[in-house]
Amino acid sequence: ILRGYRIGLSMKETILSLFALHNETMNVWTHLVGSLYFLCTLLYNGPVLSKISSSATVQSAMLPTWPLSIYAISATLCMGLSAIFHLLLNYDYQMNKFVSSLDYAGISILIAGSFFPVLEYGFCNSGTRCLYLGGLSILTLFTVSFALYDWEHKIFHGKTQKWIRFRNFSFAAQGIYGVVSINFHYMVACNLLYHRVVLTTTKYN
């Protein structure tokens, strides 16, 4: 990309570049539109929905919808912070560093928010569900702190490459945690179902 860079702009000009064509225009607007979409969804349905009917099982059965609200809130934050990052990253080095940390924090929040509905609706046992959701929440707090706190200089003493590897590992661990939790749960469930089928077959035989 040889042109379209916003160099030497004031803060006002940088903000007004939201309505100009440059090499970050698509990044800004795709994230901004996504953030506004989820925000409108929250405003239309309410910040915390009450309950929804589960037509797949019993009509009277009700499911909590707070996990969907958490997902919508996390998506609104992530895309909104990403839009801010792509809009202001050119202003100066300190601003670039600040909005970059916000962008990473938003990504971490969305990773957690994406797993909340899956873990809440996918686990029948409340104890197991609380265990995995609690673990995910704690891991998310760590990854958000990695993004917002100056770990690079305060903890890693300016060793940038080592810090980047650690930060990337924390994000990967957060995503893997959710996937492993779900796979482990269904492996156990399938194993229990298999043994029940075998015991039932053996009993009747």
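## Surface and burial

Accessible areas here come from the Shrake-Rupley method with a 1.4 Å probe. By that method, the accessible surface of the protein chain in this predicted model comes to about 13200 Å², and 70% of this area belongs to carbon and sulfur atoms. The protein chain has 205 residues, of which 35% count as buried.

## Overall build

Seven helices and two strands make up the elements of the protein chain, and, read from the N terminus on, they follow the order α-α-β-β-α-α-α-α-α. Among the contacts in the protein chain with a separation of 6 or more, 63% are accounted for by residues that lie 24 or more positions apart.

## A nonpolar patch

On the surface, Leu16, Phe19, Trp29 and Val33 make a nonpolar patch of about 430 Å². One of these residues, Leu16, is found in helix H1, which covers residues 11–16. Leu16 counts as partly exposed because its relative accessibility is 48%, a value that falls between the 20% limit for buried residues and the 50% limit for exposed ones.

## The salt bridge

When the whole structure is searched, one salt bridge is found. The side chains that meet in a salt bridge are those of Arg129 and Glu120, with a distance of 3.3 Å from N to O. As for their surroundings, both Arg129 and Glu120 are buried, so each has under 20% relative accessible area.

Key. Residues numbered from 1 in each chain as written. Predicted model: local features only at pLDDT ≥ 70, side-chain atom pairs only at ≥ 80, totals over all residues. Heavy atoms only, no water. Salt bridge = Lys/Arg side-chain N within 4 Å of Asp/Glu carboxyl O. Buried < 20%, exposed > 50% of the residue type's maximum accessible area, 1.4 Å probe, protein only. Patch = residues over 30% accessible without salt bridge, like charges linked within 9 Å, V, L, I, M, F, W, Y side chains within 5 Å. Helix = DSSP H or I, 4+ residues; strand = E, 2+ residues; numbered from the N terminus. Contact = heavy atoms within 4.5 Å.
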